[in-house]
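Visitor: Hi! I'm new to this one, could you walk me through it?
Guide: Happy to. Let's look at it together.

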Amino acid sequence: MTDRYGLVGKPLGQSKSPIVHGAFARQTAQDLTYELIEADAFAPAVDRFRAEGGRGINVTKPFKLDAFAYATECRERARLAGAVNCVKFEGDRAIAENYDGVGLANDIQRNQGFPMKGKRVLVLGAGGAARGAMLPFLQAEPKLLFVANRTVAKATRLGEEFGRHGNVVTGGYPDLGDEAFDVVVNATSCSMTGELPPVGAAQFGKDCLAYDLVYGKGLTPFLRLASETGRTRAVADGVGMLVEQAVEAFEWWRGVRPDSAPLIRQLTVPLA
Ligand code: NDP
């Protein structure tokens, strides 16, 4: 029987997830469908999908916290993030995970070739995506993880919650001064509206990676600033993160791990 999966959020018009999971299903010969479930309210839509036999969902804006509340059990990453991007249904159980940060860390370290161990890593932003990245980043054992956010209290809170997992420093953008980093991640939503987050050119260290979580928008103001310093070894957008979190979800749901590389190639928009 064909198993049903889907993505719950609103709006979903731009979502690439059905393409990604459809390709993974063909690649691994899994009999499944993946649909877009655009909903005004999370729980009723998910209850309906489960009643119709749905096996699992991904969750995106604005429902990552609703999914956390809905879950009957949360795995460690989802629990620490306080947000959920993937749920597996087993009878009455709704088991929740958060693969956003793992997908991001895997893309940076494996695909982009920037292992974070012993490196200085800067995360701009302290919203849901940054929160999900905290544990996977710290598990990569960077020398320093600096989280800078416009609303300083949100960064401070991340430091308090995750400081026991590694060397976390938090602050506002002015606190960055002239400090340079090996990996600079834009986890703000600034690129969605073509804005530059308030980061300085000094933050891009020699041979660094500049990584923007937004994807499909070409060279964002953040990536352009990084490129123009002449010091970056690579710039990347979040398409690899999208595909890598889907790899993790697919493997968890189906027990077989698809190859991300063909999909990343297919979905990449040139950064120019
Ligand atoms: P949130 O809304 O939770 O957080 C937004 C963050 O951006 C906050 O830290 C906020 O700061 C900051 N911000 C917004 N506007 C400004 C501004 N003008 N100046 C400075 N900082 C600003 O969003 P998410 O964390 O969920 O998502 C962040 C980005 O990551 C989005 O663009 C999203 O599309 C992308 N994303 C990509 C994924 C992928 O698979 N590639 C997966 C998940 C997210 P403050 O706290 O002060 O408001």
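Visitor: Which parts is the protein divided into?
Guide: The protein is divided into domain 1, made of 3–98 + 240–267, and domain 2, which covers 101–237. Keep in mind as we go that this is a predicted model.

Visitor: How far apart do the C-alpha centres of the two domains lie?
Guide: The centres of domain 1 and domain 2 are 25 Å apart.

Visitor: And how many residues are in contact between them?
Guide: On the domain 1 side there are 14 residues, and they are in contact with 19 residues of domain 2. Together the two domains bury about 1,300 Å², with 61% of that on carbon and sulfur atoms.

Visitor: Which residues of domain 1 supply more of that buried area than any other three?
Guide: Those are Arg77, Leu80 and Met241, supplying 43% of the area that domain 1 buries against domain 2.

Visitor: How many salt bridges and polar contacts go across that interface?
Guide: Zero salt bridges are found across the interface of domain 1 and domain 2. For polar contacts, the count across the interface is four residue pairs.

Visitor: Which elements give two or more residues to the domain 1 side?
Guide: Those elements are α4 (76–81) and α9 (239–254). The largest share comes from α9, with six residues on the side of domain 1 that touches domain 2.

Visitor: Switching to salt bridges, how many are there by the count?
Guide: The count comes to 17 salt bridges. Side chains of opposite charge can pair when their charged atoms come close.

Visitor: Nice, can you show me one?
Guide: Try Lys64 and Asp100, whose side chains meet in a salt bridge at 2.6 Å, N to O. Lys64 is in helix α3 (residues 64–70) and Asp100 in helix α5 (residues 100–111), so this pair links distant parts of the chain, 36 residues apart.

Visitor: Are those two buried or exposed?
Guide: Lys64 is partly exposed, with a relative accessible area of 24%, while Asp100 is buried at 11%.

Visitor: You mentioned Arg77 earlier. Which residue does Arg77 form a salt bridge with?
Guide: The partner of Arg77 is Glu97, and their closest N and O atoms are 3.0 Å apart. Arg77 lies in helix α4 and Glu97 in strand β6 (residues 93–97), so the bridge ties together parts that are 20 residues apart in sequence. Arg77 counts as partly exposed at 27% relative accessibility, whereas Glu97 is buried, with a relative accessible area of 2%.

Visitor: Got another pair for me?
Guide: Sure: Glu141 and Lys117 form a salt bridge, with the closest N and O atoms 2.9 Å apart. Glu141 lies in the loop between α6 (128–139) and β8 (144–148), and Lys117 in the loop between α5 and β7 (120–124), so the pair ties together parts that are 24 residues apart in sequence. Lys117 is exposed, with a relative accessible area of 56%, and Glu141 is partly exposed at 47%.

Visitor: Which residues are linked in a network of salt bridges?
Guide: Glu73, Lys88, Glu90 and Arg93 are linked that way.

Visitor: What about the backbone, any oddities worth seeing?
Guide: Since we just met Glu141, note that its phi is near 60°, a positive value in a residue other than glycine. Asp207 also has a positive phi of about 60° although it is not a glycine. Asp207 is found in strand β11 (residues 204–212) and counts as partly exposed at 40% relative accessibility.

Visitor: And where are cis peptide bonds?
Guide: One joins Lys10 and Pro11, with omega about 0°, and Pro11 sits in the loop between β1 (3–9) and α1 (17–28). Another cis peptide bond joins Lys61 and Pro62, again with omega about 0°. Pro62 is found in the loop between β3 (56–59) and α3.

Visitor: Last topic: how many disulfides are there?
Guide: The count comes to zero disulfides. Take Cys86, which is in no disulfide: the nearest cysteine sulfur, that of Cys74, is 12 Å away, and a disulfide needs the two sulfur atoms within 2.5 Å. Cys86 is buried, with a relative accessible area of 0%.

Visitor: What is the nearest cysteine sulfur to Cys190?
Guide: That is the sulfur of Cys208, 18 Å away, and Cys190 is in no disulfide either. Cys190 is buried, with a relative accessible area of 15%.

Definitions and conventions: Residues are numbered from 1 along each chain as its sequence is written. This is a predicted model: local features need pLDDT of at least 70, side-chain atom pairs count only at pLDDT 80 or more; totals for chains, interfaces and linings use all residues. Side-chain values use heavy atoms; hydrogens and water are left out. Buried means under 20% relative accessible area, exposed over 50%, partly exposed in between (1.4 Å probe, protein chains only). Domain bounds come from an automatic or database domain assignment. Contact means heavy atoms within 4.5 Å. Buried area is the accessible area (1.4 Å probe) that two parts lose on being put together, summed over both. A salt bridge is a side-chain nitrogen of Lys or Arg within 4 Å of a carboxyl oxygen of Asp or Glu. A polar contact is a pair of N or O atoms within 3.5 Å; within protein, one must be able to donate a hydrogen and the other to accept it, and residues adjacent in sequence count only if both atoms are side-chain atoms. Helices (H or I, at least four residues) and strands (E, at least two) are DSSP runs, numbered from the N terminus.
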